[in-house]
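I wanted to get my bearings in this one, strand by strand and helix by helix. Here are my notes.

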Amino acid sequence: RGTMLKQRSTGGDDGSGFTPLVVLELAPDAKEEAVTWLLSKIRAQLLVEPLGLGAGGGDSQKENPNVFLVGALRQRLLSGAEDLGLFKEFSDDSMRAFTYANRDNFKDFKGDGDGFLSMAECQYIVKHELDSLRAKNETCIPGYEKVKLYPGKSIIRRMQSKGILMQVFPLHEREELKRLSFTWYQRVKLSLQPLDDIRHYYGEGIALYFGFLEYFTLALVPMALVGVPYYLFDWEDYDKYVVFAAFNLVWCTVILEAWKRSSATLAYRWGTLSRKKAFEEPRPGFHGVLGFNAVTGREEPLYPHSRRLLRIYLVSVPFVLLCLYLSLYVMMVYFVMEGWALTLHDAEPSFWTAVLTFVPSVIYAVVIEAMNLVYRYAAEFLTGWENHRLESSYQNHLVLKVLVFNFFNCFASLFYIAFVMQDMVLLRQSLATLLITSQILNQVMEAFLPYWLQRRRNKKMMRRARKRATLGEKDMEMPLVDQGTFDDYLELFLLFGYVSLFSCVYPLAAVLVVLNNITEVYSDAFKMCHVFKRPFSDPAANIGIWQ
């Protein structure tokens with residue numbers, strides 16, 4: 001099994017053939033009745049085949065017999081595009097929601113619609129169908145009496161949380177991925193990224209992230225060009241701080257507003273600008289009593305809004321405040337360490353004591369990253385427990401929790417040094433140390449560590465792959481699970497905070513961020529193509545709460 005299999009389609013030209021789109025992997029020891037029950041649920045709307053049929057032979061089945069390929073008839077995909085409100089280009093060059101009855105009036109719709117939907121859109125439709133599988137009269141997963149179900153519970157989510165269903169992920173298209181990799185990152189070039197190609201292969205959400213990363217990098221160039229000569233000026237001339245701070249303020253306002261316009265232009269061109277406002281279904285993790293939505297009339301889980309508010313204000317908010325207090329305590333410990341190092345250096349000035357003055361900042365930067373990571377998992381658990389109906393609401397609450405803590409954790413010490421201690425030398429030293437250390441840690445955690453882990457996994461898989469005749473080494477690569485763009489946006493938010501809030505004190509901050517972003521483009525592109533599994537398409541209209 002793998003995320004890159006030879007695409008095959010059996011059957012005629014009427015759309016009755018089977019083209020695998022998504023891999024569904026259950027646990028090797030999953031109960032047969034649970035597997036049969038789940039497949040019967042899926043086959044009510046989709047097509048399912050075992051992976052062993054023509055795609056790897058018996059060895060694949062011996063390793064895990066519960067791996068299946070999921071596809072759909074062309075007619076079902078087109079109906080799903082209408083149900084999901086996908087926007088496509090109309091004959092008059094406008095973007096309109098696709099309707100099957102009016103299909104012949106859409107551009108690129110020829111014959112029976114073969115090739116009208118991209119593979120990313122087809123996989124998104126299949127994912128929506130899988131996420132829509134909800135319990136009705138069942139009280140438990142067949143074969144697992146302790147795994148309870150109730151009306152409205154997501155079957156896929158429940159089976160994943162209990163380890164019965166291991167993973168669900170979309171397949172790669174080998175030739176198209178090769179072409180995208182070559183134009184995207186395999187050759188160093190002074191040109192913009194192929195955002196339309198990224199959008200076609202990965203969807204609008206991923207394309208908007210790389211569009212914003214590219215925009216942010218270009219927007220930093222004026223700040224970097226001004227910062228380099230400014231860095232050579234006298235640090236103690238406070239009038240220069242004011243001038244640079246004024247330029248910084250104007251720069252921040254202009255680039256943020258200009259990005260909204262650029263984002264809207266991309267979303268309109270890709271047909272998601274109006275769609276996201278008009279259509280949003282309950283998220284897969286949302287649970288409640290199965291009923292009918294009073295607005296749409298569709299059957300979906302219902303959950304009291306008052307109960308959600310109680311969970312937020314009585315549990316989540318106090319937890320966030322407790323974490324902020326712990327962050328403040330760690331910051332005070334850092335200042336004690338910093339004071340001890342400075343006292344030691346003042347008493348016996350030497351090269352080693354000068355180096356020692358940077359040690360507390362480095363330790364504090366590492367502790368900050370560790371606390372951010374632990375808090376992130378806690379915030380995800382709490383936000384999921386709050387049971388938000390819409391994915392946008394879930395993301396907004398999660399981002400708010402994480403941003404508040406990360407902002408306080410990363411910037412509180414700098415504000416304390418600037419406005420309480422009023423020590424500009426220490427502020428510049430702390431800012432430079434935090435910025436450089438965080439960038440190094442992020443590169444290690446986001447690029448080198450995932451790549452190293454994948455190489456270790458692949459070595460084990462290659463030993464098994466040599467025994468197989470029908471799958472090549474590239475087909476047997478087992479990328480890591482994709483983590484989405486949340487961490488990438490969070491990193492850009494913090495870098496933007498360092499530049500916008502403190503670059504007047506340390507003008508080289510913009511230069512460091514530009515260099516970081518250039519490497520980020522190539523490392524993120526490589527990870528998307530070869531390290532992480534292909535993510536499902538996300539028809540986003542913008543970058544959400546991040547903008």
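Before anything else, a term I need: I call two strands paired if DSSP finds at least two bridges between them. Also, what I have open is a predicted model.

**Entry 1: one strand pair.** I looked up strand 1 (residues 22-26) and found four bridges joining it to strand 3 (residues 67-71). The two strands run antiparallel. Within this pair, I saw Val22 opposite Val70 of strand 3.

**Entry 2: the sheet.** Next I asked in what order the strands of the open sheet lie. I read off 2-3-1-8, four strands with antiparallel pairing. Strand 2 (47-50) and strand 8 (165-170) are the edges; each has a single partner strand, so one side of each has no neighbour in the sheet. I also noted the turn between neighbouring strands of this sheet: 20° on average, ignoring direction.

**Entry 3: helices on the sheet.** Which strands does helix 1 touch? I got strand 1, strand 2 and strand 3, with helix 1 (residues 32-43) packing on the sheet. Its direction makes about 160° with that of strand 1. Then I checked helix 4 (residues 119-131), which lies across strand 1, strand 3 and strand 8. Helix 4 runs at about 35° to strand 1.

**Entry 4: a helix pair.** I moved on to helix 11 (residues 305-347) and helix 13 (residues 359-385), whose axes come within 11 Å. They cross at roughly 175°, and angles over 145 degrees count as roughly antiparallel, so that is what I call this pair. What sort of residues make up their contact? I have 19 nonpolar, three polar and two charged.

How values were computed. Residues are numbered from 1 along each chain as its sequence is written. This is a predicted model: local features need pLDDT of at least 70, side-chain atom pairs count only at pLDDT 80 or more; totals for chains, interfaces and linings use all residues. Side-chain values use heavy atoms; hydrogens and water are left out. Axes are lines fitted to C-alpha atoms, for helices over the stretch in contact, and angles run from 0 to 180 degrees between N-to-C directions. Contact means heavy atoms within 4.5 Å. Angles under 35 degrees count as roughly parallel, over 145 as roughly antiparallel, 65 to 115 as roughly perpendicular and the rest as oblique. Ala, Val, Leu, Ile, Met, Phe, Trp, Tyr, Cys and Pro count as nonpolar, Asp, Glu, Lys and Arg as charged, and the others, Gly among them, as polar.
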